[in-house]
Amino acid sequence: MPTTIALRVLGSYIMDGEMKPEKDNGFDVKFKNGTGYRIGAGLKLEIASLNLEYQNLKYDKTNIKSLGNFGTNSVSDTNHDNNTWIASASFPIGL
């Protein structure tokens, strides 16, 4: 049986997204209107894949629910840039 090895190139554009980090010390925030891109490459070995991706997102709106002990529930034009590396592995599982 021949060995299968393949290189894949991945790319996508994100038109709208949200990010809600966990509440920490009373700081509760939600970032909205995220746009950006994701690029990456993957190596397929037989049935398993190993992938590495880079993501660059910019959020244009921020919904601040609370700051410490103060509940604000306000919307701000504060920007947030999210630059992330993502490493993943995948393989099929038959049930």
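Visitor: How many salt bridges does the structure hold?

Guide: The structure, which is a predicted model, holds two salt bridges. One of them joins the side chains of Glu18 and Lys30, and the side chains of Lys20 and Asp28 also meet in a salt bridge.

Visitor: Why is the meeting of the side chains of Glu18 and Lys30 called a salt bridge?

Guide: The name asks for a side-chain nitrogen of Lys or Arg within 4 Å of a carboxyl oxygen of Asp or Glu. Between Glu18 and Lys30 the distance from N to O is 3.2 Å, which lies within that cut-off, and therefore the pair counts as a salt bridge. Glu18 lies in the loop between β1 (5–14) and β2 (28–45) while Lys30 lies in strand β2, so the pair ties together parts that are 12 residues apart in sequence. In general, side chains of opposite charge can pair when their charged atoms come close.

Visitor: What makes the side chains of Lys20 and Asp28 a salt bridge?

Guide: The reasoning follows the cut-off once more: the distance from N to O is 2.5 Å, which is within 4 Å, so Lys20 and Asp28 qualify.

Visitor: How do you know which of Glu18 and Lys30 is exposed and which is partly exposed?

Guide: Exposed means over 50% relative accessible area, and Glu18 has 51%, so Glu18 is exposed. Lys30 has a relative accessible area of 21%, which falls between the 20% limit for buried residues and the 50% limit for exposed ones, and therefore Lys30 is partly exposed.

Visitor: Are Lys20 and Asp28 buried, partly exposed or exposed, and what makes them so?

Guide: Lys20, at 44% relative accessibility, lies between the two limits and so counts as partly exposed. Asp28 has a relative accessible area of 11%, which is under 20%, and therefore Asp28 is buried.

Visitor: What share of the residues in the protein is buried?

Guide: Buried residues make up 23% of the 95 residues in the protein.

Visitor: Which residues make up the largest nonpolar core, and why is it called a core?

Guide: The largest nonpolar core has six residues, Ile14, Val29, Phe31, Leu57, Tyr59 and Ile64. They are called a core because they are buried residues of nonpolar kinds that are joined through side-chain atoms within 4.5 Å. The elements that give two or more residues to this core are β2 and β3 (48–67), and the largest share, three residues, comes from β3. As for Leu57, leaving aside its neighbours within four places in sequence, this residue is in contact with Ile14, Thr35, Gly36, Tyr37, His80, Asp81 and Asn82.

Visitor: Which residues make the nonpolar surface patch, and how do you know that Leu45 can belong to a patch?

Guide: The nonpolar surface patch, of about 470 Å², is made by Ile5, Leu7, Leu43, Leu45 and Leu50. The elements that give two or more residues to this patch are β1 and β2. Leu45, which is found in strand β2, has a relative accessible area of 35%, and a patch residue needs over 30%, so Leu45 passes that requirement. The value also lies between 20% and 50%, and therefore Leu45 is partly exposed.

Visitor: What is said of the phi of Asn33 and of Glu46?

Guide: Asn33 has a positive phi of about 60° although it is not a glycine, and its place is in strand β2. The phi of Glu46 is near 55°, a positive value in a residue other than glycine, and Glu46 sits in the loop between β2 and β3. At 35% relative accessibility Asn33 counts as partly exposed, and Glu46, with a relative accessible area of 37%, is partly exposed.

Visitor: What does Ser88 touch, and where is Ser88 found?

Guide: Ser88 is found in strand β5 (residues 80–90), and, not counting residues up to four places away in sequence, Ser88 touches Ser49, Leu50 and Asn51. Ser88 and Glu53 are 35 residues apart in sequence and 8.5 Å apart in space, C-alpha to C-alpha.

Visitor: Where is confidence lowest and where is it highest in the protein?

Guide: Confidence is lowest in strand β4 (residues 70–76), at a mean of 63, and highest in β1, at 92. The mean pLDDT of the protein is 84, and 85% of its residues reach 70 or more.

Conventions:
Residues are numbered from 1 along each chain as its sequence is written. This is a predicted model: local features need pLDDT of at least 70, side-chain atom pairs count only at pLDDT 80 or more; totals for chains, interfaces and linings use all residues. Side-chain values use heavy atoms; hydrogens and water are left out. Helices (H or I, at least four residues) and strands (E, at least two) are DSSP runs, numbered from the N terminus. Buried means under 20% relative accessible area, exposed over 50%, partly exposed in between (1.4 Å probe, protein chains only). Patches are made of residues with over 30% relative accessible area and no salt bridge: like charges are joined within 9 Å, nonpolar side chains (Val, Leu, Ile, Met, Phe, Trp, Tyr) within 5 Å. Accessible areas come from the Shrake-Rupley method with a 1.4 Å probe; for residues, only the protein chains shown count as cover. Contact means heavy atoms within 4.5 Å. pLDDT is the predictor's confidence in each residue, from 0 to 100.
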